[in-house]
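Got your viewer open and ready? Let's take a walk through this model, one selection at a time.

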2 protein chains.
Amino acid sequence: MQIAPAFKAPTRLLMGPGPSNAPAEVLAAMSQPLVGHLDPVFVKMMEELKTMLRAVFLTRNDMTFPISGTGSAGMEFCFVNLVEPGDEVIVGVNGVFGTRMVDVAERCGARVTKVESGWGNSIAPQQIAEALRTVSKPKLVAIVHAETSTGALTPVEEISKLTHDAGALLLLDTVTSLGGCPVRIDEWNVDAVYSGTQKCLSCPPGLAPVSLNARALEVARRRRTKVQSWYLDVNLLASYWGQERVYHHTAPISMNYALHAALRLVLEEGLENRWRRHKQNHLALKSALAAIGLELASQDGHQLWQLNAVRVPQGVDEADVRKRLLNDFNIEVGAGLGPLKGKIWRVGLMGETSSRENVRLFLSAFCQVLNECGRKTDAKAALAAVE
Amino acid sequence: MQIAPAFKAPTRLLMGPGPSNAPAEVLAAMSQPLVGHLDPVFVKMMEELKTMLRAVFLTRNDMTFPISGTGSAGMEFCFVNLVEPGDEVIVGVNGVFGTRMVDVAERCGARVTKVESGWGNSIAPQQIAEALRTVSKPKLVAIVHAETSTGALTPVEEISKLTHDAGALLLLDTVTSLGGCPVRIDEWNVDAVYSGTQKCLSCPPGLAPVSLNARALEVARRRRTKVQSWYLDVNLLASYWGQERVYHHTAPISMNYALHAALRLVLEEGLENRWRRHKQNHLALKSALAAIGLELASQDGHQLWQLNAVRVPQGVDEADVRKRLLNDFNIEVGAGLGPLKGKIWRVGLMGETSSRENVRLFLSAFCQVLNECGRKTDAKAALAAVE
């Protein structure tokens, strides 16, 4: 029998694709004593969570709550409830998460039409329009708002209009966008949405905030077949998170404490302020990178504020740079995935992590490491561009 | 926009069906700073988690790790990976969790044969033997080891032998048993097992430890159809929790910190010591209840050490007693479910909560409340029976 030594977490600056750094208040909230999941004080807190999530999603949807799993469980929640075998589903694919949506939809028996765009590009509304014309009876159009794997943003409003004109539902992945740039569920007429906690909400990973509007709920309620997942069946979850409080599963108490504290901080800052902060720090980083001759790999005009796909300059070993940043500076940045593997670093400026000071900390360490890795880089020029 | 006040958790004595109280070390471990889910220090911790889980499950199964969801996600993990449409599955049903297994198995397309026993009773081996004779090609037999809804234990060894003689796999729910009474996965030849963290491991809810042996893994790998859940597909999870570390989902970092700390405490105490402690405190409570004329509702000889189903005496309002215990004494006990609703209290003595002091605290408050609720009860007699 082996007892491991107590785990001591190092203090990292988390500038990868998530998790971002969680504020001290959130970590402290999480370590409060446990209460029962049907305790009246916990039930009250669940209601507050729902109210605050609605404020962050900018929705009035009653069915707005956190799924007891990570962001990918949120994705699966939306598909298993809305899709039945044989349904026609259109999925925008321009990175890892669109690709994943196709897989999840097919496991629900969907007939999937992929709308593909290059990794780093957004999905254009006219692509969706074309797909809608070729599919006989589209039930659902699914789009990743902010592709974490490439740093590209896909605007939603026009796609939403096209989708609804064709009589389909719109499903939106906001895992990386929520809290870091405008996400307006009601104004954009999004029928189903999921997110994660560990990106721009700066809460530890473990929950997936979701929201369904009345139209989506009606589709889930009028299914011909049972939802294939018991754990994610909205018809059962509605009784647990609704007024009846019918026992379903034991909610992750501590994670909900953390989300409650994180949402309070988001709303105290204000959504507009928070979006502006993300935008400003992204622009500062981008200018600094330009000053040292580096560029972003994602499509101009569609670059995320919260995740910067930085093209690796020729002759530099991508993995070596990441390793040095982590080991010598306690800074985590992410690697590229799929076709972008080895070609980009993913530099996150999400939630708590998105600050002018962190941009400077990163630049000074990054320039140092680039010099060590054989690429002459002028840290002064980079830092001067930040102001 | 509404910002809720900061949540302040009361300090409850958690004597319901779970969660149990988490030790201070576990809560403190959880509030450490986040690291990335692919950070080498986290990857090392994942390996330690797997090693410690094997020690607690008493198994050598390589595929032993925590699912990123609660106990019910662990149940679903086992069924979606092992069952394909049309498969014959036998499920022991003697409470809420056997009933749930039937639902989950049917959503996987299984043809289910229920082996039913009264709520509070165990499943007898001869019942399983009979079912195995009536089913043409049984693929899986699923049993709840410790039924949290009724306080009844079903012994596993004989059922395991019968199951394997018939060429089927054995799936075991150990959500409430693991850490509180003997669970011997390899010795009992259990092919697939899931548990929860918030019962006798005294870790917050949010993860589901699971283990599959080589036989079960082979079944999952040789499926004709894709696993219907992407999130729970063991073929994908094996690459994430295995040596390849292929990105799948973002593990709930903080919850894994907590489980690491909780498993250390379990192993430091030692499994045998921990089981003995649970047994002794159960027997103490049972003697005390007998001294005041109360009895357990579950089958004699099959009563759980970690969960006591106390029959509500005539003339006492079950819900009123629970409410007073919670509001006046900060003690949570559980209500009955299904046919036992209003008829029992579920008094948990799980993990950290199972101590002689807590038995006394409970008895003194409980007798006080019973007196207030019109049933004359001699607290002294109850407490005297504890020693």
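Start by selecting A:Ile185, which sits in the loop between strand S8 (169-173) and strand S9 (192-194) of chain A. Helices (H or I, at least four residues) and strands (E, at least two) are DSSP runs, numbered from the N terminus. This is a predicted model, in which local features need pLDDT of at least 70 and side-chain atom pairs count only at pLDDT 80 or more, while totals for chains, interfaces and linings use all residues. Residues are numbered from 1 along each chain as its sequence is written, and chains are lettered from A and ligands numbered from 1 in the order in which they are written.

Is A:Ile185 buried or exposed? It counts as buried because it has 24 C-beta neighbours inside 10 Å. (Buried takes 20 or more other C-beta atoms within 10 Å of the residue's own, exposed 12 or fewer, and partly exposed lies in between; C-beta atoms are placed from the backbone.) Leaving out residues up to four places away in sequence, A:Ile185 touches A:Phe57, A:Leu58, A:Thr59, A:Val190, A:Val193 and A:Ser211. Touching, or contact, means that the C-beta atoms, placed from the backbone, lie within 7 Å. For a distance check, pick A:Arg215: 30 residues from A:Ile185 in sequence, and 13 Å away in space, C-alpha to C-alpha.

Now click one of those neighbours, A:Leu58, in the loop between helix H2 (40-57) and strand S2 (63-67) of chain A. Its phi is near 50°, a positive value in a residue other than glycine. Most residues other than glycine have a negative phi, and most peptide bonds are trans. A:Leu58 counts as partly exposed because it has 17 C-beta neighbours inside 10 Å.

For an unusual peptide bond, go to A:Gly18 and A:Pro19: the bond joining them is cis, with omega about 0°. A:Pro19 is in the loop between S1 and helix H1 (24-30) of chain A. Hop over to chain B, and B:Gly18 and B:Pro19 are also joined by a cis bond, with omega about 5°.

Next, select helix H12 (residues 356-372) of chain A, whose 17 residues reach 25 Å from first C-alpha to last, close to the 24 Å expected at 1.5 Å a residue. (The expected span is 1.5 Å times one less than the number of residues.) Its buried residues include A:Phe362, A:Phe366 and A:Leu370. Among the elements that the buried residues of H12(A) pack against are helix H10 (271-291) and helix H11 (318-329) of chain A. Just after H12(A), A:Gly374 takes a positive phi of about 95°.

Show both chains now. How many residues does each give to the contact? Chain B gives 66 residues and chain A gives 66. On the chain B side, H9(B) gives the most, with nine residues.

Stay with that helix and add its partner: helix H2 (residues 40-57) and helix H9 (residues 253-269) of chain B pack at about 40°, their axes 10 Å apart. Axes are lines fitted to C-alpha atoms, for helices over the stretch in contact, and angles run from 0 to 180 degrees between N-to-C directions. H2(B) and H9(B) are therefore oblique to each other (under 35 degrees is roughly parallel, over 145 roughly antiparallel, 65 to 115 roughly perpendicular, and the rest oblique).

Terms used
Two residues are in contact if their C-beta atoms, placed from the backbone, lie within 7 Å.
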